[in-house]
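Student: Could you go through this structure with me before I get back to the bench? I would like to start with the backbone and see where that takes us.

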Amino acid sequence: MSYQRPKGHRDLFGKELKRVEAMNAAARGFFGQHGYEEIKTPTFEFAALFDRSIGETTDIVEHEIYKFEVNKKLYALKPEGTASVLRAFIENKLSLPARFLYIWNMYRRERPQKGRYREFLQIGIELLGESKPFYDAEIIDQGKRYLELIGAKDYYIELNSIGCPQCRKAYQEKLKTYLEQQLTHLCADCRRRLERNFLRIFDCKKEGCQAIYDKAPKITDNLCGECSEHYKQVKCYLAIFGIEYTENKKLVRGLDYYTRTVFEFKHGELGAQDTIIAGGRYDLLMRELGGPDTPCTGWAMGPERLLLTMPDEVPKLQPRQVYFVVAMGEKYLQKIISIRDGIQAKGHICMLGNPDDPIKQQIKRANKAAAAYTIIYGEDEEKEGVYAVKDMKTGEQKKIPAEKFNSQIPQL
Ligand SMILES: [Zn+2]
Ligand SMILES: [Zn+2]
């Protein structure tokens, strides 16, 4: 008698296991140094958690979750990370703001495809308790810098805003009016989605449907005042961070709980399954799951798919020094990003404070991230042409002439 592994699963050993482990180690190093704490939760949860969070009408909940019953209780293997992180946050009464990193195996009964398994790894980050557009841009920037660190190349970023329930209500009517003429040309799935989960029609892979959606009104052009301002600011911060992206008005993400910003990192070599990072803002989910009203952002990455695009070896992450740049107001943001770039060019990790936050709060974040040095740049420093550099261990602070600063950062 011989045994086989279940279909769509795989055995991981040797070189391939080493590559996966190197990526995980790089994530622990990089995100740990950016103030994210690793979290682990059970491999399975009560199935109701995912019905509530992902949405009962999504493909994932309808077809893909592994469910099993024990003693009349229905459980589900985790199909994704966010709901479980929030459940743990609420249940353990953790405090805000919070940054979590998870590196978990997930389970979905999908048709097995290249780089896609029924048990798959996800690396994800969640930032809970921050509503400002700066943070939407920051997690995109962190995703990009992690990819740079491990040597990933040739990916591109797509961005969209899907607004809030208020914008969607008015928009839904508009879309329905447009589609009423086209109903007979839509596939059965789309007609069903239109009734229960209308934004997701844009996810349809069928060409006939897509041709109709190309001409349909888009949520992005129908945002309420606040959502529109938020989106504008996210784009502004991305420009300051120097991040290139394209706007894709048909990008809506497959999960129900997203609000406002949604984004994907894609890779041209991966064909139809080209997404390597997907995420966005989900301000409504925490309350939906019985927690306090809490704005949240986050993303998840599929390392296995990403590895298909990379050379055999994953570079090892060296131990790095953490620097933190305090932003004394919006007008210095461009300047402190150039300071950060100088520090990063020497191989160190450098975090930025949110210029909207009070200095005290920014220093607190620098401490939490175990920064070795904090650089402060504001009005006084601009006048004097210096950077104020604080040694976080000794508390000693000194002024370094701006033009000498880069040459004083040690090379790693
Ligand atoms: Zn809105
Ligand atoms: Zn369709």
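Student: Where does Lys93 lie?

Tutor: This is a predicted model, and in it Lys93 lies in the loop between α4 and β5. Its phi is positive, at about 50°, although Lys93 is not a glycine. Most residues other than glycine have a negative phi.

Student: Is Lys93 buried or exposed?

Tutor: Lys93 counts as exposed, because its relative accessibility is 74%.

Student: What about Asp154, what is its phi near?

Tutor: Phi of Asp154 is near 60°, again a positive value in a residue that is not glycine. Asp154 is found in the loop between α5, which covers 133-150, and β7, which covers 155-161. With a relative accessible area of 58%, Asp154 is exposed.

Student: Back to the loop between α4 and β5, which peptide bond is cis?

Tutor: That is the bond from Leu96 to Pro97, where omega is near -10°. Pro97 lies in the loop that runs between α4 (82-91) and β5 (98-107). As background, most peptide bonds are trans.

Student: Changing topic to the metals, which residues coordinate the zinc ion (ligand 1)?

Tutor: The zinc ion (ligand 1) is coordinated through the SG atoms of Cys164, Cys167, Cys224 and Cys227, at 2.2 to 2.3 Å. Along the sequence these donor residues follow the spacing C-x2-C-x56-C-x2-C, and both Cys164 and Cys167 are buried.

Student: Why is the arrangement around the zinc ion (ligand 1) tetrahedral?

Tutor: The arrangement is tetrahedral because the 4 donor atoms around the zinc ion (ligand 1) subtend angles of 105 to 121°. For reference, the ideal angle for four tetrahedral donors is 109.5 degrees.

Student: And what are the protein donors of the zinc ion (ligand 2)?

Tutor: They are the SG atoms of Cys187, Cys190, Cys204 and Cys209, which lie 2.2 to 2.4 Å from the zinc ion (ligand 2). That site is tetrahedral, with angles of 105 to 114° among its 4 donor atoms, and the donors are spaced C-x2-C-x13-C-x4-C along the chain.

Student: Which parts does the pair Cys187 and Cys204 tie together?

Tutor: Cys187 lies in the loop between α6 (165-180) and α7 (188-196), while Cys204 lies in the loop between α7 and α8 (207-215), so the pair ties together parts that are 17 residues apart in sequence. Cys187 is buried, with a relative accessible area of 12%, and Cys204 is buried as well, with a value of 5%.

Student: With those cysteines about, how many disulfides does the count come to?

Tutor: The count comes to 0 disulfides, taking a disulfide as a pair of cysteine sulfur atoms within 2.5 Å. For Cys236, the closest cysteine sulfur is that of Cys227, at 17 Å, which is too far for a bond. Cys236 counts as partly exposed because its relative accessibility is 46%.

Student: Let's move to the core, which residues touch the most other members?

Tutor: The largest nonpolar core has 125 residues, and Tyr146, Leu147 and Tyr213 touch the most other members of it. The element that gives the most to this core is α5, with 8 residues.

Student: What does Tyr213 touch?

Tutor: Leaving out residues up to four places away in sequence, Tyr213 touches Leu179, Leu186, Cys190, Ile201, Phe202, Cys204, Lys218 and Lys250. Two names in that list, Cys190 and Cys204, also appear among the donors of the zinc ion (ligand 2).

Student: I also had my eye on Gln122, which strand does it lie in?

Tutor: Gln122 lies in strand β6, residues 119-128, and at 11% relative accessibility it counts as buried. Apart from neighbours within four places in sequence, Gln122 is in contact with residues including Glu80, Tyr102, Trp104, Ala300 and Pro303.

Student: Last topic, the whole chain, how many helices and strands are there?

Tutor: The protein chain has 15 helices and 16 strands. Its radius of gyration is 23 Å, close to the 22 Å that the globule rule gives for 412 residues, so the chain is as compact as a globular protein of that length. The C-alpha trace spans about 70 × 60 × 40 Å along its principal axes.

Student: And what share of the residues is buried?

Tutor: Buried residues make up 55% of the 412 residues in the protein chain. Among contacts with a separation of 6 or more, 70% are between residues 24 or more positions apart.

Note on methods
Residues numbered from 1 in each chain as written. Chains lettered and ligands numbered in written order. Predicted model: local features only at pLDDT ≥ 70, side-chain atom pairs only at ≥ 80, totals over all residues. Heavy atoms only, no water. Donors = N, O, S within 2.8 Å, 3.2 Å for Na, K, Ca; no water. Tetrahedral: all angles 85-135°; square planar, octahedral: opposite > 155°, others 65-115°. Buried < 20%, exposed > 50% of the residue type's maximum accessible area, 1.4 Å probe, protein only. Helix = DSSP H or I, 4+ residues; strand = E, 2+ residues; numbered from the N terminus. Core = buried A, V, L, I, M, F, W, Y, C linked by side-chain atoms within 4.5 Å. Contact = heavy atoms within 4.5 Å. Rg over C-alpha atoms; globule rule 2.2 N^0.38 Å.
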